[in-house]
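Hi everyone, thanks for making time for this. Please have the sequence and the model open, and we'll walk through them together.

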Amino acid sequence: MLALFPASGALGGSIASHLVDLVPANSLVFVARHPHKLADYEHKGVTLRQADYDAHETLEHAFDGVDTLCLISYASIQNDHRFEVRSLLPPPCPSPLYRS
């Protein structure tokens, strides 16, 4: 399973739209703060999950079953967020692909 986090917003939304055309929808997990914004993808077979960089408890199971994670870093001076999120990922989640 390939996960994209966050899957909404400008960059995440663009990546999501391309992934759906390139990867079977049933092998995709789109993770977002507001997954209801991605409902059209759910109708195509994409799994939607809720998680928020700033609510660490939401990250606990957001990446269950994920083999590859495309992690979009926080667009702020708080660059430590992506490293903190990485430390919260449950094993054996592989090294994520970072996009900034």
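Let me start with one cut-off, since I'll lean on it a lot: a residue is called buried when its relative accessible area is under 20%, and exposed when that value is over 50%. Ala32 comes out at 0% relative accessibility, so Ala32 counts as buried. And please keep in mind throughout that this is a predicted model.

Now the overall layout. The protein chain has 3 helices and 5 strands, and along the sequence they follow the pattern β-α-β-α-β-β-α-β. Of the 100 residues in the chain, 41% are buried. If you take the contacts between residues at least 6 apart in sequence, 52% of them join residues at least 24 apart.

Back to Ala32, which lies in strand β2. What does Ala32 touch, leaving aside residues up to four places away in sequence? The answer is Ala7, Ser8, Leu38, Arg49, Gln50 and Ala51. Take Ala7 from that list: Ala7 and Ala32 are 25 residues apart along the chain, yet their C-alpha atoms are separated by 5.4 Å.

Just before Ala7 there is something to look for on your screens. Phe5 and Pro6 are joined by a cis peptide bond, with omega at about -10°. Pro6 itself sits in the loop between β1 and α1.

Strand β1, residues 2–5, runs parallel to β4, and 4 bridges join the two. As one pairing to find, Ala3 has Leu69 as its bridge partner in β4. Strand β4 is mostly covered, with 4 of its 5 residues buried.

On to helix α1, residues 9–22. Its 14 residues should span 20 Å at 1.5 Å a residue, and the end C-alpha atoms are 20 Å apart, so the two agree. Which residues of α1 are buried? They are Gly12, Ile15, Ala16, Leu19 and Val20. Those residues cover an arc of only 135° around the axis, and therefore they sit on the same side of α1. Turn the helix around, and the face away from that buried side carries the exposed residues Ala10, Asp21 and Leu22.

I've saved the charged pair for last. Side chains of opposite charge can pair when their charged atoms come close. How many salt bridges does a search of the whole structure find? It finds 1. The partners are Arg33 and Asp52, and their closest N and O atoms are 3.2 Å apart. This pair links distant parts of the chain, 19 residues apart: Arg33 is in the loop between β2 and α2, while Asp52 is in the loop between β3 and β4.

Are the two partners buried or exposed? Arg33 has 38% relative accessibility, so Arg33 counts as partly exposed. Asp52 has 15%, which is why Asp52 counts as buried. The two side chains are also joined by a polar contact of 3.2 Å. Beyond residues up to four places away in sequence, Asp52 touches Phe5, Arg33, Thr58 and Leu59. Phe5 should sound familiar, being one of the two residues at the cis peptide bond.

That's my tour. If you'd like to revisit one spot, go back to Asp52, with Arg33 and Phe5 among the residues it touches. Thanks for listening!

Key
Residues are numbered from 1 along each chain as its sequence is written. This is a predicted model: local features need pLDDT of at least 70, side-chain atom pairs count only at pLDDT 80 or more; totals for chains, interfaces and linings use all residues. Side-chain values use heavy atoms; hydrogens and water are left out. A salt bridge is a side-chain nitrogen of Lys or Arg within 4 Å of a carboxyl oxygen of Asp or Glu. Buried means under 20% relative accessible area, exposed over 50%, partly exposed in between (1.4 Å probe, protein chains only). Two strands pair if DSSP finds at least two bridges between them. Contact means heavy atoms within 4.5 Å. The expected span of a helix is 1.5 Å times one less than its number of residues. The arc is that of the directions from the helix axis to the C-beta atoms. A polar contact is a pair of N or O atoms within 3.5 Å; within protein, one must be able to donate a hydrogen and the other to accept it, and residues adjacent in sequence count only if both atoms are side-chain atoms.
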